[in-house]
Amino acid sequence: MNTQPSILVIDDEPDNFDVVETLLNNENYELHYASSGQQALNRLNSLQPDLILLDVMMPGLDGMEVCQRIKADPQWQIVPIIMVTALTAKEDLARCLATGADDFISKPINGVELRARVNSMLRIKQQYDSLQVLLQLREDMANMIVHDLRNSLTSIVLAAEILRFYDLSPEQQRGKADQILFAGQQLQSLINSLLIMAKLESGKMLLNYTEVDLYLLCMSALADFEAIATQKNLLLIGELPEPGGIVKVDATIFRRVLDNLLSNAIKFSPSNSQVTLRGEYLAAGGAKVQVADAGPGIPEDVRKIIFDKYEVASRIPNVSQIGLGLAFCKMAVEAHSGTITIEDNYPTGSIFTVFTQK
């Protein structure tokens with residue numbers, strides 16, 4: 001994939017393109033040339049320029065009319081246009097800007113000025129492109145959150161309707177009550193994660209460090225997921241240190257990290273497999289916690305984005321998305337000055353490893 005910024009030079013004089021090419025020779029730009037305004041308009045879709053250097057005085061369509069046409073198209077409005085002109089009157093320069101041009105440079109072109117103006121316009125374009133990517137990712141995340149909320153609410157409504165309208169045995173009633181409770185807990189967890197992430201990201205949350213027994217913290221998490229694992233015929237295993245050891249963390253937030261990792265592991269593990277929660281104290285201080293599953297595993301390319309806040313890992317076979325949980329885990333662990341990583345769990349599955357500082 002070519003990451004060089006693409007610049008389209010529109011000028012009826014090929015010699016002027018040669019001048020621009022010489023002045024920008026060491027700037028790592030991909031330069032294209034159009035000898036007329038109409039040719040440039042015809043080639044915009046194929047060239048996809050990041051910046052346009054547009055001569056004002058050209059036969060046929062002059063630079064001002066070309067600029068107006070480009071800026072009138074919503075697809076190209078955000079591409080910066082620098083007008084290259086021999087005009088010096090303030091009225092003429094004002095007309096250039098009135099057509100939609102973003103900047104102008106006077107002839108004869110000065111190399112230092114050209115490079116500075118090109119760098120400035122490209123920087124603005126890159127900022128805009130980054131913002132558009134972020135907005136799209138936010139939209140994807142919003143859609144994902146709505147999808148998760150709807151799934152949990154649908155589960156609650158269906159189970160409640162069955163309890164209301166059907167004559168169920170006591171065991172069946174307990175099963176539907178458990179379904180409602182689990183869906184409600186999922187909703188609560190999602191909402192709490194969103195609120196905590198917002199506070200962590202804004203720097204408004206101060207961690208409440210306390211001395212926590214890692215064994216008790218992990219056993220509590222395993223106990224809360226035991227019923228869910230049983231429903232999927234999964235075996236939950238704890239490989240933990242002896243009670244009595246201490247790690248300093250924000251117990252509420254760190255427990256939510258464990259909950260998210262266990263929830264994902266259970267979600268992606270097939271029936272009749274196992275999920276393992278491991279914990280150990282480190283000699284240098286702090287602790288190491290791992291959650292291992294027997295799911296489909298995470299492809300190498302997905303691992304690079306799986307902890308990103310607005311990424312949706314739809315490339316995992318038979319899984320629509322990973323969810324907000326892993327993004328929360330990364331933010332929460334890093335707030336503790338720790339790290340979180342992922343590796344293969346042979347022969348199948350993944351291992352998420354969290355290191356905390358002492």
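**View 1. Gln274 at the start of strand β9 (residues 274–281).** Gln274 is partly exposed, with a relative accessible area of 39%; here buried means under 20% relative accessible area, exposed means over 50%, and partly exposed lies in between (1.4 Å probe, protein chains only). This is a predicted model, in which local features need pLDDT of at least 70 and side-chain atom pairs count only at pLDDT 80 or more, while totals for chains, interfaces and linings use all residues. Residues are numbered from 1 along each chain as its sequence is written, and side-chain values use heavy atoms, with hydrogens and water left out. Helices (H or I, at least four residues) and strands (E, at least two) are DSSP runs, numbered from the N terminus. If neighbours within four places in sequence are set aside, Gln274 has contacts with Leu235, Ile237, Ser269, Ala292, Asp293 and Ala294, a contact being heavy atoms within 4.5 Å. For a sense of scale, Asp167 is 107 residues from Gln274 in sequence, and their C-alpha atoms are 35 Å apart.

**View 2. Lys107 in a salt bridge and in a cis peptide bond.** The side chain of Lys107 meets that of Asp55 in a salt bridge, at 2.9 Å from N to O. Because Lys107 sits in the loop between β5 (103–106) and α5 (111–165) and Asp55 in strand β3 (residues 51–55), the pair ties together parts that are 52 residues apart in sequence. A salt bridge here is a side-chain nitrogen of Lys or Arg within 4 Å of a carboxyl oxygen of Asp or Glu, and by this rule the count comes to 13. The two partners sit in unlike surroundings: Asp55 is buried at 3% relative accessible area, whereas Lys107 is partly exposed at 31%. While you are looking here, note the cis peptide bond between Lys107 and Pro108, with omega about -5 degrees. Pro108 lies in the loop between β5 and α5.

**View 3. The salt bridge of Lys71 and Asp102.** The closest N and O atoms of Lys71 and Asp102 are 3.0 Å apart. With Lys71 in helix α3 (residues 63–72) and Asp102 in the loop between α4 (90–98) and β5, the pair ties together parts that are 31 residues apart in sequence. Lys71 is buried at 13% relative accessible area, and Asp102 is partly exposed at 38%.

**View 4. A salt bridge within helix α10 (residues 325–335).** Lys330 and Glu334 form a salt bridge whose closest N and O atoms are 3.0 Å apart. Both residues are partly exposed, Lys330 at 27% relative accessibility and Glu334 at 44% relative accessible area. They are four residues apart, about one turn of the helix. Elsewhere, salt bridges that share partners join Asp50, Lys125 and Asp129 into one network.

**View 5. Helix α5, with a nonpolar surface patch and a buried serine.** Leu131, Leu134 and Leu135 form the nonpolar patch, with about 230 Å² of accessible area together. Patches are made of residues with over 30% relative accessible area and no salt bridge, with like charges joined within 9 Å and nonpolar side chains (Val, Leu, Ile, Met, Phe, Trp, Tyr) within 5 Å. Accessible areas come from the Shrake-Rupley method with a 1.4 Å probe, and for residues only the protein chains shown count as cover. Leu131 lies in helix α5 and is partly exposed at 42% relative accessibility. Ser152 lies in helix α5 too, but is buried at 6%. Not counting residues up to four places away in sequence, Ser152 touches Ala183, Gln186 and Leu187.

**View 6. A patch of negative charge on the surface.** Glu13, Asp15, Asp18 and Glu21 gather here. Asp and Glu count as negative and Lys and Arg as positive, while His and the chain ends are not counted; the place of a charge is taken as NZ of Lys, CZ of Arg, CG of Asp or CD of Glu. Asp18 belongs to helix α1 (residues 14–23) and is partly exposed, at 39% relative accessible area.

**View 7. Backbone details to look for in the loops.** Most residues other than glycine have a negative phi, and most peptide bonds are trans. Gln48 has a positive phi near 50 degrees; this residue is in the loop between α2 (37–47) and β3. Asn272, in the loop between α8 (251–268) and β9, has a positive phi of about 65 degrees. Gln48 is partly exposed at 42% relative accessible area, whereas Asn272 is exposed at 68%. A cis peptide bond joins Tyr346 and Pro347, with omega about 5 degrees, and Pro347 lies in the loop between β11 (339–344) and β12 (350–356).
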